[in-house]
Amino acid sequence: MFSDLEAGDIIMEISSKENTQFFSNTILPVDRSSFKSESSASKEKQSCCGGIKIFIGALSFVYFAKALSGSYLKSTITQIERRFDIPSSLVGVIDGSFEIGNLLIILLVSYFGAKLHRPRIIGAGCLIMSAGTFLIAMPHFFMGQYRYERFPSTINSTVSISPCLQDESQTPLSALEKSQAKINAGCEKEAGSSMWIYVLLGNLLRGIGETPIQPLGITYIDDYAIEENAALYIGCVQTVAIIGPIFGFLLGSLCAKLYVDIGFVDLDFLPSLKNLFGNPVYSLYLCASIIQFNSLIGMVTYKPKYIEQQYGQTSSKTNFVIGLINIPAVAFGIFSGGLIMKKFRINVLGAAKLSLGSSFFGYLLLLSLFAMGCENSDVAGLTVSYHGTKRTTDYEQALFSECNSGCACSRNDWDPICGENGITYISACLAGCQASNGSGKNTVFFNCSCVGTLESPSRSSSAVVGPCQKGNGCPKMFLYFLIISVITSYTLSVGGTPGYILLLRCIKPHLKSFALGIYTLAVRVLAGIPAPVYFGVAIDTTCLKWGSKRCGGRGACRLYNSSALRYVYLGLTLVLGTVSIFFSVAVLWVLRKRSSPQDETPSANGERGTCGTKSRKDNFVNSDHLIQTTYWPEKETRL
């Protein structure tokens with residue numbers, strides 16, 4: 001035990017060490033050589049474990065990055081001149097702004113930086129450099145498309161002008177040409193705009209951010225590295241700094257081959273988004289699709305589980321049936337929808353009706369699946385008692401009975417066996433089996449005291465590996481389920497192609513790609529991600545027997561309540577589908593309200609109007625064939 005005096009000395013010593021470590025940058029070593037020699041071993045250990053090598057690696061990357069960005073900017077001097085239409089003298093000012101920013105604070109940083117936390121100051125400088133680099137790049141996104149210089153001889157004009165003008169009086173300017181001259185003057189003013197100030201300010205910030213890197217970084221290495229290693233570390237950092245310009249000029253050479261307007265995108269984005277969601281047909285159809293995809297994705301995700309648990313089928317057979325029957329039905333339904341659209345030349349209003357009809361009849365067929373289920377398997381202690389009577393209570397896990405009281409069984413095991421009485425037991429131990437014969441799937445258990453309790457309690461019976469098959473009527477129900485499932489999949493898929501036509505025809509032509517992108521994003525984010533999650537949560541509520549992990553904790557569900565699973569799985573799918581039908585009805589109502597009488601009568605070629613709004617010329621495309629793609633003047637040049 002320490003005395004109070006000793007404890008106080010220890011606390012003062014620890015505080016002194018902490019203060020010394022915090023203000024280590026302000027203390028000058030008295031005898032560096034003796035200090036280094038005496039603590040070289042401790043410093044080597046600190047540098048390996050503490051982080052001097054990590055600091056050197058980070059500093060080397062910073063040196064490489066600042067050298068690369070600086071050399072890249074110098075390689076774009078001529079491009080900057082042409083882009084902003086400025087003279088070389090002004091470009092020189094822009095290039096020298098880096099040194100100006102460096103000179104503004106280098107004395108302050110060199111003096112006061114050594115008294116503070118140097119790595120943090122270097123990190124702050126890196127953030128300032130990155131902000132300056134982003135500022136340099138901003139004009140590319142704010143300025144319009146680059147306009148190349150064109151001489152009068154190359155401009156389309158009705159007046160023939162000689163390239164070689166001997167006298168200005170020989171070529172009097174017409175009113176049109178004078179107007180063109182004013183336009184050209186305005187273009188020159190626009191080309192010489194002040195957007196280059198962003199580049200100047202960004203380069204100035206780069207110089208300010210670069211200031212602490214060299215003086216503070218080199219001195220930090222010299223202070224905290226072993227004396228014989230300091231020169232090597234500094235040499236490595238300087239070497240990396242020399243490599244940076246190599247990659248900078250190579251990158252400049254590569255980028256100089258690219259045109260300035262590569263990837264140019266018009267920024268009227270927010271107005272386009274407002275225009276898109278201001279279209280009630282698009283908005284309502286998007287809501288209908290999101291909700292419908294929630295129901296379909298959730299249903300498809302857990303369909304294998306539903307078939308396995310509801311009808312007692314194996315995973316192999318379940319996947320075989322889905323791949324061989326359901327997926328081809330979906331493909332055939334999508335193809336049939338497009339074929340129907342082409343055969344009967346259905347317009348947008350007809351496409352909305354076809355999409356609504358397919359959804360309505362598809363979910364109506366889905367309603368019939370509620371009657372095509374199987375009862376729960378007879379599992380002793382879960383769905384039936386060990387005496388074979390049906391449990392009417394809340395399925396309490398009464399896994400132990402008098403017949404297995406003499407066995408040391410675990411309630412967490414799941415290794416089901418089928419007794420000759422047709423009841424499934426969770427494990428051979430809980431079935432009271434005393435002996436077994438064979439191995440693997442051919443194992444047969446004998447003297448199972450719980451198996452013989454139904455007819456002759458005094459006689460022990462046998463059991464085999466695996467759960468018992470469901471009732472005799474379950475295979476027939478499974479066949480009915482497959483038939484209805486295939487028809488439902490086909491019916492719902494028929495409305496897929498008409499839905500896409502409805503989406504494409506009721507928006508402005510130049511917003512088609514944007515509309516489809518928003519549609520895909522919304523479906524994936526609002527349906528593809530959440531639907532499997534909340535479907536899974538709902539399905540987990542129907543579990544009767546949970547497995548256990550090796551290290552404890554709840555594992556996967558081993559047995560579901562068949563009736564509850566059927567109502568949750570099909571009910572959630574049907575509710576979501578019904579909500580989507582209401583949105584589809586709203587889409588049809590809006591289309592009918594906006595359609596004119598002429599759109600309801602067949603045209604000369606047997607086709608109805610495309611979308612039937614009051615401003616069809618501005619909003620929709622009237623073509624002889626609905627599937628035919630549309631064209632507008634800037635389609636070939638717009639990116």
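Here a visitor asks about a predicted model and a guide answers.

Visitor: What kind of model is this, and how are residues numbered?

Guide: The model is predicted, so local features need pLDDT of at least 70 and side-chain atom pairs count only at pLDDT 80 or more, while totals for chains, interfaces and linings use all residues. Residues are numbered from 1 along each chain as its sequence is written, and side-chain values use heavy atoms, with hydrogens and water left out.

Visitor: How many helices and strands does the chain have?

Guide: There are 22 helices and seven strands. Helices (H or I, at least four residues) and strands (E, at least two) are DSSP runs, numbered from the N terminus.

Visitor: Why is Ser 489 called buried or exposed?

Guide: Buried means under 20% relative accessible area, exposed over 50%, and partly exposed in between (1.4 Å probe, protein chains only). Ser 489 has 13% relative accessibility, so it counts as buried. Ser 489 belongs to helix H16 (residues 474-494). Leaving aside residues up to four places away in sequence, Ser 489 touches Lys 303, Asn 326, Ala 329 and Val 330; contact means heavy atoms within 4.5 Å. Of the 639 residues of the chain, 38% count as buried.

Visitor: What makes Arg 345 stand out in phi?

Guide: Arg 345 is not a glycine, yet its phi is positive, about 50 degrees. Most residues other than glycine have a negative phi. Arg 345 sits in the loop between helix H14 (315-343) and helix H15 (348-367). Its relative accessible area is 34%, so Arg 345 is partly exposed.

Visitor: Which value of phi does Asn 447 have, and where is this residue?

Guide: Asn 447, a residue other than glycine, has a positive phi near 55 degrees and lies in strand S4 (residues 444-448). With 43% relative accessibility, Asn 447 counts as partly exposed.

Visitor: How do you know that S4 and S5 pair?

Guide: Two strands pair if DSSP finds at least two bridges between them. Three bridges join S4 to S5, and the two run antiparallel. In one of these, Cys 448 has Ser 461 in S5 as its partner. Strand S1 (residues 417-419) also pairs with strand S5 (residues 461-465), in the antiparallel sense and over three bridges. There, the partner of Gly 419 in S5 is Ala 463.

Visitor: What makes a set of residues a nonpolar core?

Guide: The set consists of buried Ala, Val, Leu, Ile, Met, Phe, Trp, Tyr and Cys residues joined through side-chain atoms within 4.5 Å. The largest nonpolar core has 55 residues, of which Tyr 282, Tyr 311, Phe 481, Leu 502 and Leu 591 touch the most other members. Helix H20 (residues 562-594) gives the most to this core, with 10 residues. Apart from this core lies another, of 23 residues, including Ala 380, Leu 382, Cys 448 and Leu 559.

Visitor: Which residues does Leu 502 touch?

Guide: Leu 502 touches Val 281, Tyr 285, Val 348, Ala 352, Val 587 and Leu 591, not counting residues up to four places away in sequence.

Visitor: Why is Phe 247 called partly exposed?

Guide: Phe 247 has a relative accessible area of 44%, which lies between the two cut-offs, so Phe 247 is partly exposed. The place of Phe 247 is in helix H10 (residues 227-255).
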